[in-house]
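Here's a quick tour of this one, working from a surface loop inwards. Have the structure open as you read.

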Amino acid sequence: MLDQTRQAATDWAAALTPADIQTPAFVYNADAVNARITALKAALGTDVIISFKASNQLDLLLRLEPDNYDGIEIASRGELHMIAGKTGPNVFINTPALNDPLVRAGISAGATFIVDTPEHLDMIARLKGKREINPVTLRLSNKIIAKICPDAPTLRDDQFGMDLDQARAAIEKARGLGLKINGLHLYAGPHTFRKAARFVVAAMTHAVREIEDALGHDLEVLNLGGGLEENWPELGHDFDSYRALLTELPGRCRLIHEFGRAIFADCGVFAVRVQQVKTVMGQPYAICDGGMAQAFLLAQTENMMRRYRVPRVLNRDVAPLPDGASTIICGSTCSRDDVIGKVAGAVEAGDVLIFDNCGAYTRTYSMNNFLQLGGADTYVV
Ligand SMILES: Cc1ncc(COP(=O)(O)O)c(C=O)c1O
């Protein structure tokens, strides 16, 4: 089944034609996203919610089969506005930067809060008025994983969530404020599934016991975060063993994973058109109508060692260059870091270059309007 999913996720991009696309553009395929979610649910055996920040656009969301995913996690008021038609407890609000306007909007959307600090509970209680608040989930820090499992691999430290003492303080606070707690959330961080998934489950199992003791009642929802790699179908994860591991968590609990890149990465491509090709001291450069201004992650400005992406030239085989030279693919800004790829051969003005695997974060984690160049168009096919 995973092979078929892989097929579904890539075939559609091969079928694009240059005339289809006004560049620069992101092109997403809703069927591929649906297939990805179905495959993830089968592999993990849990609910899967969409981490909207990876690909936060309504036109794609609205074309997904609504019963295929189990909720959506948003991290700002802007994202909550984008999904305005979607309300109810399966809209999860999860950000350390919770503020009054987001709390107000979240309450009126009937959303569920995943609180990052005990103080978030004060905000919710202060703003709730006479309205019912869904039971909240406590976000635990990924630091508890090393504390509970000393043999866990080192995880990149982050600022999110609470340690167990803070979580107990949150329980006390919730009691005083009349708010209910029914869930825990623990996310190890991006790209951590291979090395840390079993330690996340072990730490969660331990945390459930501690938190239920403090609460004096059972938990109902356990959210194990995201962190599955974008190319997970190729990585040969042993999902049977992972599902067996999950049975260590209380069977009465709803188990959730909230994925970004594992859902969207290869369901979207970035397309640019070559405007001009020039050769300086023998080195060919293709200057394109888009680049880091629309797809910042392709520029790899932060990396000491450049690992150039290799785009496909749409509907054309490229001719080799003398001495096996490559064409360096550049974006449209005046930054020398606006180098987004390399093609082993000659490209021509008018060629459309397709960068695969740009469906997650590439658009959303991009700068806003450097040189007033404008954003990319988006297409959902
Ligand atoms: C709270 C939370 N959940 C889930 C995700 C999605 O992570 P991934 O794309 O690794 O699945 C993120 C990403 O930043 C996140 O912050």
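## A loop and its greasy patch

Let's start with Leu-371, which sits in the loop between strand E15 (352–355) and strand E16 (377–380). Bear in mind that this is a predicted model. Leu-371 comes out as partly exposed, with a relative accessible area of 43%. Because the cut-off for patch residues is over 30% relative accessible area, Leu-371 at 43% clears that bar.

Leu-371 joins Phe-370 and Leu-373 in a nonpolar patch on the surface, and together they have about 230 Å² of accessible area.

## The barrel

Now for the barrel: eight strands close up in the order E2-E3-E4-E5-E6-E7-E8-E9, with parallel pairing. On average, neighbouring strands of this sheet are turned by 25 degrees against each other, direction ignored.

Take E6 (residues 136–140) and E7 (residues 181–186) as one pair: five bridges link them in the parallel sense. Leu-138 has Leu-184 in E7 as its bridge partner. Helix H8 (residues 164–177) lies across E6 and E7, and runs at about 160 degrees to E6.

## Around E5

E4 and E5 also run parallel, joined by three bridges. Here Phe-92 stands opposite Thr-112 in E5. In a regular strand, side chains alternate between the two faces of the sheet. E5 is covered on both faces: Thr-112 and Ile-114 are buried on one side, Phe-113 and Val-115 on the other.

Helix H5 (residues 100–108) lies across strand E3 (72–74), strand E4 (91–94) and strand E5 (112–115), running at about 140 degrees to E5.

Definitions and conventions. Residues are numbered from 1 along each chain as its sequence is written. This is a predicted model: local features need pLDDT of at least 70, side-chain atom pairs count only at pLDDT 80 or more; totals for chains, interfaces and linings use all residues. Side-chain values use heavy atoms; hydrogens and water are left out. Two strands pair if DSSP finds at least two bridges between them. Helices (H or I, at least four residues) and strands (E, at least two) are DSSP runs, numbered from the N terminus. Axes are lines fitted to C-alpha atoms, for helices over the stretch in contact, and angles run from 0 to 180 degrees between N-to-C directions. Contact means heavy atoms within 4.5 Å. Patches are made of residues with over 30% relative accessible area and no salt bridge: like charges are joined within 9 Å, nonpolar side chains (Val, Leu, Ile, Met, Phe, Trp, Tyr) within 5 Å. Accessible areas come from the Shrake-Rupley method with a 1.4 Å probe; for residues, only the protein chains shown count as cover. A salt bridge is a side-chain nitrogen of Lys or Arg within 4 Å of a carboxyl oxygen of Asp or Glu. Buried means under 20% relative accessible area, exposed over 50%, partly exposed in between (1.4 Å probe, protein chains only).
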